[in-house]
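Student: I've got a model open on my screen and I'd like to talk it through. Can we start with the basic vocabulary and then go to the details?

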Amino acid sequence: MTGTAVTSDTFEAILAGTPVSDLVRASLDATTVDVYRAIGRAEAGQADLWDFAALISPAGGGLLEEIGQAARRVTERRFGRAVHLFAPLYLSNECLSTCIYCGFSKDLDIRRRTLTPEEVQREARHLLHDGFRHVLLVSAEHRKHVSPEYLELVLRRLHPDVPSLTIETEVWDTDHYERFREAGCEGVVIYQETYDPATYARTHVGGRKRHYGYRLAGPERVARAGLRRIGIGALFGLHPQWREDAVALAAHGDWLVRTYWRLEVTAAFPRMRPSASGFEPAHLMGDREFVQLTAAYRLFLHDVGIVLSTREPASLRDGLLPFGITHMSAGSHTEPGGYEQPGDAEEQFAISDQRSPAEVVQVLRARGYDPVWKDWSAALAGDALEAL
Amino acid sequence: MSLTTTPTTTPTGPRAGSGGLADDPFVVAGRTLRSRLFVGTGKFASYDLMRSAIEASGSEVVTVALRRVDLSGPAGQDILDFIDTDRFLLLPNTSGAADADQAVRLAKLARAAGMPDWVKLEVTPDPRSLAPDPIETLKAAEALVAEGFTVLPYCSADPILCRHLEEAGCATVMPLGAWIGSNRGVRTRDAIELIVQQAGVPVVVDAGLGAPSHAAEAMELGADAVLVNTAIAVARDPVAMAQAFAEGTRAGRRAYRAGTAPARQAAEASSPMTGFLEGLGPA
């Protein structure tokens, strides 16, 4: 039994029927009274998208403390004080897609490589030694170097040693995801980057990634393939009005948890970082707005995990914890081979929190959080149990 | 915004001003209903009284126990002779069925006799509690959906069972508010809240609603409709009670649509969380 959809709708159809610009206008016009009402409804689990719009509003910015306190209560009630730790492992920066903001974009003249399965294993051993039990395999989009067969092989090699493997690669068909699941893959991360088709078309100009709809339906294919986890997100800095992508991301999370109820959904709100692309963001969401969005998302979707990467600076990461964060990376390298041989290839973007995993764990403990390295093993879902 | 029939992902407009009922259609398996009160036909003192009470309830959906229908009896005396099927959607139910096979057989007999292929599925093996059997209900639902029936299952107020019934293709889920005939109200409140939040099909709270305030409570929680039988049938004045339930149901729905203010927690002292932002420089 997999995550069967109860509706024939796709999220693309749902999003087309969602009055995103009305919601953003309502957000810009929201009053303090609207925000207080939204906080109350959201904490009680009764929020709709109009409440979410109020929570991310400029008026809400003036009530950030109140929104934050409510988000903290909801987070502690639902997740306790556990923070799940994971590390990205970059497999390849070879790419056939042209995305004007990305440090791996096809036409950039950078040092590129794809790790051999043996090199991947060495990187994984490094991460296991650091304590990680959840590894996110990341790669750029190159069908020849990072083929489904390559991914399957890598998953099968790592599967015995790494309890939890997720992937963030180009998007694939349902049957590919089924093969990855059988090879030990537990979940998939697909950031839509931007939910606005026009902005998407402007920033994704070549290669397979330019297909907006195929990417948007990716999480649905992942769910149908029976994987346990899906990570969604938008890259903030692409769309000039960040609230549009925030509203769409809220609608997406809401629809996914309703439609594919067996799926564990996480969301992330990465902000653009400097990279070899030299891309200048249209508008960068400010720190206060970033914190506000985190808290609003938590209040809107109580059960969705929120992921925070090392692209944010240490002081912000630490302060943001109680606002709803449940998953964190630490000590990340964003270049293939970066854990064993840092600097051998170009990184995707510059990380900001440079602390080691051990230092991050120390900070978590000092702040009363429980760092969780392992909370599932793909072996529990596979043939291993049937053999018992 | 309804969390059930209208997914939050497809709101049609700002919440403000949407407290009316004209813009609040209730659709079950493609059929639009004006009333959110379903009524049962058991336990009335007479069929005449039953007919008047149904009339007063404003209901459009009337459920009848198939086992009580006697299609071979003398004309004008069967329960069906007292229900105008041009005005009311007749919802045959399988009450009395002790397992999936019996329920499926009852439904097929009804269809063969020319009754609608909508069926309120009830499987109650324990004649004392009349508690619905979750396992046999799911089996029967799967079989009936495969046979082309529109299935409205009476079930335990269990969120995962409701998920399964929805996935099996049921047109609604009908979790119980309390034991059938008990008039105890929405005893399954916490479960109903969760079921309503997650459901992709209408949620009809069935069984146990003993007073109009109970119907209102279920509707305030976001249920799409309620089904009432005993409380109307055995009231001193069933006709007046039917009317009262109609009003309670409407009031609860209106309150839900108006956005019931959640109970607030008492203020709690907590250390400020946003102080760290001061040290981060200009936003």
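Tutor: Sure. Helices here are DSSP runs of H or I with at least four residues, strands are runs of E with at least two, and both are numbered from the N terminus. Keep in mind that this is a predicted model.

Student: With that in hand, how many helices and strands does chain B have?
Tutor: Count the runs of each kind along chain B. The tally for its secondary structure is eight helices and ten strands.

Student: What share of chain B counts as buried?
Tutor: The cut-off for buried is under 20% relative accessible area. Chain B has 283 residues, and the portion of them that counts as buried is 53%.

Student: And what share of the accessible surface of chain B belongs to carbon and sulfur atoms?
Tutor: The accessible surface of chain B comes to about 12200 Å². Carbon and sulfur atoms account for 51%.

Student: Are α1(B) and α8(B) roughly parallel or roughly antiparallel?
Tutor: Helix α1 (residues 47–57) and helix α8 (residues 238–258) of chain B have axes 7 Å apart and pack at an angle of about 25°. Angles under 35 degrees fall in one class, and those over 145 in another. So α1(B) and α8(B) are roughly parallel.

Student: Which residues in α8(B) meet α1(B) there?
Tutor: The α1(B) side of the contact is made by L49(B), S52(B), A53(B), A56(B) and S57(B). Their partners in α8(B) are P238(B), V239(B), A242(B), Q243(B) and A246(B).

Student: Now the loops. Is A29(B) buried, partly exposed or exposed?
Tutor: A29(B) lies in the loop between β1 (26–28) and β2 (31–33) of chain B. It isn't a glycine, yet its phi is positive, about 45°. Buried needs under 20% and exposed needs over 50%. A29(B) has a relative accessible area of 49%, so it is partly exposed.

Student: Is A207(B) buried or exposed?
Tutor: A207(B) is found in the loop between β9 and α6 of chain B, and it too is a residue other than glycine with a positive phi, near 80°. Its relative accessible area is 6%, so A207(B) is buried.

Student: Where is G208(B), and which residues is it in contact with beyond its neighbours within four places in sequence?
Tutor: G208(B) is in the loop between β9 (204–206) and α6 (212–220) of chain B. With a relative accessible area of 7%, G208(B) is buried. Its contacts are A178(B), W179(B), I180(B), G181(B), S182(B), N183(B), R184(B), G185(B) and H214(B).

Student: Over in chain A, which residues does A38(A) touch, not counting those up to four places away in sequence?
Tutor: A38(A) sits in helix α3 (residues 32–43) of chain A. At 0% relative accessibility, A38(A) counts as buried. Outside that sequence window, A38(A) touches D51(A), A54(A) and L55(A).

Student: Which helix gives the largest share of the largest nonpolar core?
Tutor: That core has 109 residues, and F52(A), L137(A), Y177(A), Y195(A) and Y297(A) are those with the most contacts inside it. Its largest share, nine residues, comes from helix α13 (residues 242–259) of chain A.

Student: How many residues are in the second, separate core?
Tutor: Its members include V39(B), V62(B), I83(B) and A107(B). The total for this second core is 64 residues.

Conventions: Residues numbered from 1 in each chain as written. Chains lettered and ligands numbered in written order. Predicted model: local features only at pLDDT ≥ 70, side-chain atom pairs only at ≥ 80, totals over all residues. Heavy atoms only, no water. Buried < 20%, exposed > 50% of the residue type's maximum accessible area, 1.4 Å probe, protein only. Contact = heavy atoms within 4.5 Å. Core = buried A, V, L, I, M, F, W, Y, C linked by side-chain atoms within 4.5 Å. Areas by Shrake-Rupley, 256 points an atom, 1.4 Å probe, with all protein chains shown as cover. Axes fitted to C-alpha atoms, helices over the stretch in contact; angles between N-to-C directions. Parallel < 35°, antiparallel > 145°, perpendicular 65-115°, else oblique.
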